[in-house]
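Got the model open in your viewer? Let's take a walk through it, one selection at a time.

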Amino acid sequence: MSDNMKSVYGNVKDNYSFKIKLKSGILVLWFVILTIICLLPIYILVINATRSHTDIANGLSILPSDYLKKNWSTVFTKPEFKLIFSAFHGYKNSLLITVCSTFLTVFFSALTAYGIHVYDFKLKEISYSVILLVMMVPMQVTSAGFIAFMSDLKLTNTYWPLILPAIAAPGVVYFMRSYMKSSFPLDIVEAARIDGCGEFRTFVSIAIPMMKPAIAVQAIFAFIASWNNFYTPNMILISVDLKQKTLPMMVSALQSSDKLNDYGAIYLAIALAIIPIIIAYVFLSRFIIAGVALGGVKE
């Protein structure tokens, strides 16, 4: 190879390396900006939970204050707050509803997607199309009939109407089936059948472990949606008993009350309400990362 060819080759290599580094730098900078945009509201929320009502009313601050202990005492001991907000009952009720509904959503959606993907039957595509059509109907359209139906069944002021409907989650079924079409080969099911494995055991022992990344993603979305759900519980839990209400209902009552104007204490209550969401994300995100890492390994 002549000196001129070596020089040209070196220049091309340097230009390519520079373009790759520039592209990587731009992507890193973009993701850093997106991370700041996503985390900034949570950071401001936590900071305001440590500030007084007067400081918050005077303007924004990025530094914490020393009113956290006082705000904590206000939330948990002030009679006006205790009539509207109870962290113990709010956590208990919201966790019961959210954990149960999240499990039902991801399990039965994965089971439905597995059945549509693995089995061939005459109404397969029609059934899937019906599921997609149901996904287009918003809850607000059917809410009046749903409330009347629950009233006829005498299920108002109970948690069953907030848990059992989670079994039907067409959006999750769509995502699960899309994931299985790209990452779940049918040869595995055939091999399991040859080895004498039953259909349900195949789903539990083989399909679910292979679907962990998809299940983790949808579990996060389902958990957040159920935890933050205010619309449906507000229609079902019509009792004035504080011990029956969910945490979003209590937080909404705090924000709308004209007798409570302590912004610091209200921000603290809101910060307490988002802690389970953060914990759920941290716990489930490791399954997503593990699945992505596993999918990147080629034999």
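Start by selecting Asn 71, which sits in helix α3 (residues 68-77); helices here are DSSP runs of H or I with at least four residues, strands are E runs of at least two, and both are numbered from the N terminus. Before going on, note that this is a predicted model, where local features need pLDDT of at least 70 and side-chain atom pairs count only at pLDDT 80 or more, while totals for chains, interfaces and linings use all residues. Residues are numbered from 1 along each chain as its sequence is written, and side-chain values use heavy atoms, with hydrogens and water left out.

Is Asn 71 buried or exposed? It is buried, with a relative accessible area of 2% (buried means under 20%, exposed over 50%, partly exposed in between, using a 1.4 Å probe and protein chains only). Now show what surrounds Asn 71: leaving aside neighbours within four places in sequence, its contacts (heavy atoms within 4.5 Å) are Asn 48, Ala 49, Thr 50, Arg 51, Asp 262, Gly 264, Ala 265 and Leu 268.

Next, select Phe 81. Not counting residues up to four places away in sequence, Phe 81 touches Thr 74, Val 75, Leu 254, Leu 260, Asp 262, Ala 265 and Ile 266. Apart from the core treated next, there is a second one to visit afterwards.

Add Phe 85, Leu 247 and Leu 254 to your selection: together with Phe 81, they touch the most other members of the largest nonpolar core, which has 24 residues. A nonpolar core is a set of buried Ala, Val, Leu, Ile, Met, Phe, Trp, Tyr and Cys residues joined through side-chain atoms within 4.5 Å. Which elements give two or more residues to this core? They are α12 (212-227), α14 (247-256) and α15 (263-295), and α15 gives the most, with nine residues. Apart from this core lies another, of 21 residues, including Val 106, Tyr 114, Phe 203 and Ala 214.

Now for some helix packing. Colour α5 (residues 87-118) and α6 (residues 124-135): they pack at an angle of about 150°, with axes 10 Å apart (axes are lines fitted to C-alpha atoms, for helices over the stretch in contact, and angles run from 0 to 180 degrees between N-to-C directions). That makes α5 roughly antiparallel to α6; angles under 35 degrees count as roughly parallel, over 145 as roughly antiparallel, 65 to 115 as roughly perpendicular and the rest as oblique. At this contact, Thr 112, Ile 116 and His 117 in α5 meet Lys 124, Tyr 128 and Ile 131 in α6.

Keep α6 and add α9 (residues 170-183). This pair packs at about 130°, with axes 8 Å apart, which makes α6 oblique to α9. Among the residues that meet are Tyr 128 and Leu 132 in α6, and Val 173 and Tyr 174 in α9.

Move to the loop between α7 (139-152) and α8 (160-163), and pick Lys 154. Lys 154 has a positive phi of about 60° although it is not a glycine, and it counts as exposed at 70% relative accessibility. In the loop between α7 and α8 you'll also find Asn 157, whose phi is near 65°, again positive in a residue other than glycine. Asn 157 counts as partly exposed, at 26% relative accessibility.

Last stop: Ile 26, in helix α1 (residues 3-48). Ile 26 is exposed, with a relative accessible area of 53%.
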